[in-house]
Each structure stands twice: as C-alpha cells, then as structure tokens.
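Here are a few exercises to work through with the model open beside you. Try each task before you read its solution.

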Amino acid sequence: MEISGHPTTRWACTWHAGPDAGACRPIAPGRHVLGRATSAAVRADDPALEPHEALIEARPDGALMITQLTGRSPIRIDGVAASGTTALTPGSWVEVGNSLLSFGPPPTAAIAAHVQAGALLRSPR
C-alpha cells in the first residue's frame, strides 16, 4: 500500500543495547547505510561502528538484506557471523559494533507515541 506516492515502510530497526538503546528507526524501501557517519541513513553513536559499517536494502518484494561493508569484526545475525549479503527475517537480532539491534515491522502508532524527543517512555509496571 502506498500513501501519497510513498511506499509503505515494512521494516524498523530497534536498538536494544549500545549507546542508542531504545531508539527505533523506520527502514523505507531502498538502500541505506548503517554506521556512525553523519550521512548514514541508519545512524548510531556507537564508537565501535565504522562510519559506513553495513548496507541495508529493503527490497520492493518486502525482503530485507544486510551486507557488511567494512569493520574489524563480522556482523553477527542471530549469533552467527554473517558472510556476504544476508537476508533478515522479522525478529532477527543483529550484533554490530557494541550494539544489539533487531529488525521487524514498524511499531504501531500506540507504541510509537511512547518515544518522544529521543527518550523512551515506559509504561508503569
């Protein structure tokens, strides 16, 4: 489904550990650099990340792929070192630098409303 000529975002990247823990960024269709460069579309402040660590590709068919571009340590997907271009599935855990990310559907508006001004607001327990 498209709204105003823009493809629907099917994926989001959520940081669970590392300097950006709690952040969630939508992954629009297309190719996006993951890294600490200010020009990276999926940017993190993790000093263990290279400026252009990986390429994330959200394909028109809904597939999400990741390719390591550079880095001292291999990207690990669900605990296994990635080699070449690797498909991600909803709920995939990605270890890169000192960060732990997951990829899945974007949060609903109700969940997204709890993230304001870069801070994660948790419901009382």
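First, a term you'll need: buried means under 20% relative accessible area, exposed means over 50%, and partly exposed is in between (1.4 Å probe, protein chains only). This is a predicted model, where local features need pLDDT of at least 70, side-chain atom pairs count only at pLDDT 80 or more, and totals for chains, interfaces and linings use all residues. Residues are numbered from 1 along each chain as its sequence is written, and side-chain values use heavy atoms, with hydrogens and water left out.

**Exercise 1.** Work out how many salt bridges the structure holds, and sort their partners by burial.

*Solution.* Start with the cut-off: a side-chain nitrogen of Lys or Arg has to be within 4 Å of a carboxyl oxygen of Asp or Glu. With that rule you get 3 salt bridges.

Step 1: take D20 and R25, whose side chains pair up at 3.9 Å, N to O. D20 is buried because its relative accessible area is 11%, while R25, at 24%, is partly exposed.

Step 2: go to R43 and D45, which meet at 2.5 Å, N to O. R43 has 28% relative accessible area, so it counts as partly exposed; D45, at 47%, is also partly exposed.

Step 3: finish with E57 and R59, with the closest N and O atoms 3.5 Å apart. E57 comes in at 24%, so it is partly exposed, and R59 is partly exposed at 32%.

**Exercise 2.** Find where D78 sits and what is unusual about the sign of its phi.

*Solution.* Step 1: place the residue. D78 is in the loop between β9 (76-77) and β10 (80-81); strands here are DSSP runs of E, at least two residues long, numbered from the N terminus.

Step 2: check the angle. Phi of D78 is near 50°, a positive value in a residue that isn't glycine. Most residues other than glycine have a negative phi.

Step 3: check the surface. D78 is partly exposed, since its relative accessibility is 47%.

**Exercise 3.** Which residues of the chain are buried, as a share of the total, and how much area does the chain expose?

*Solution.* Step 1: of the 125 residues in the chain, 30% are buried.

Step 2: the chain exposes about 7300 Å² (Shrake-Rupley method, 1.4 Å probe). Carbon and sulfur atoms supply 56% of that area.

How values were computed
Helices (H or I, at least four residues) and strands (E, at least two) are DSSP runs, numbered from the N terminus.
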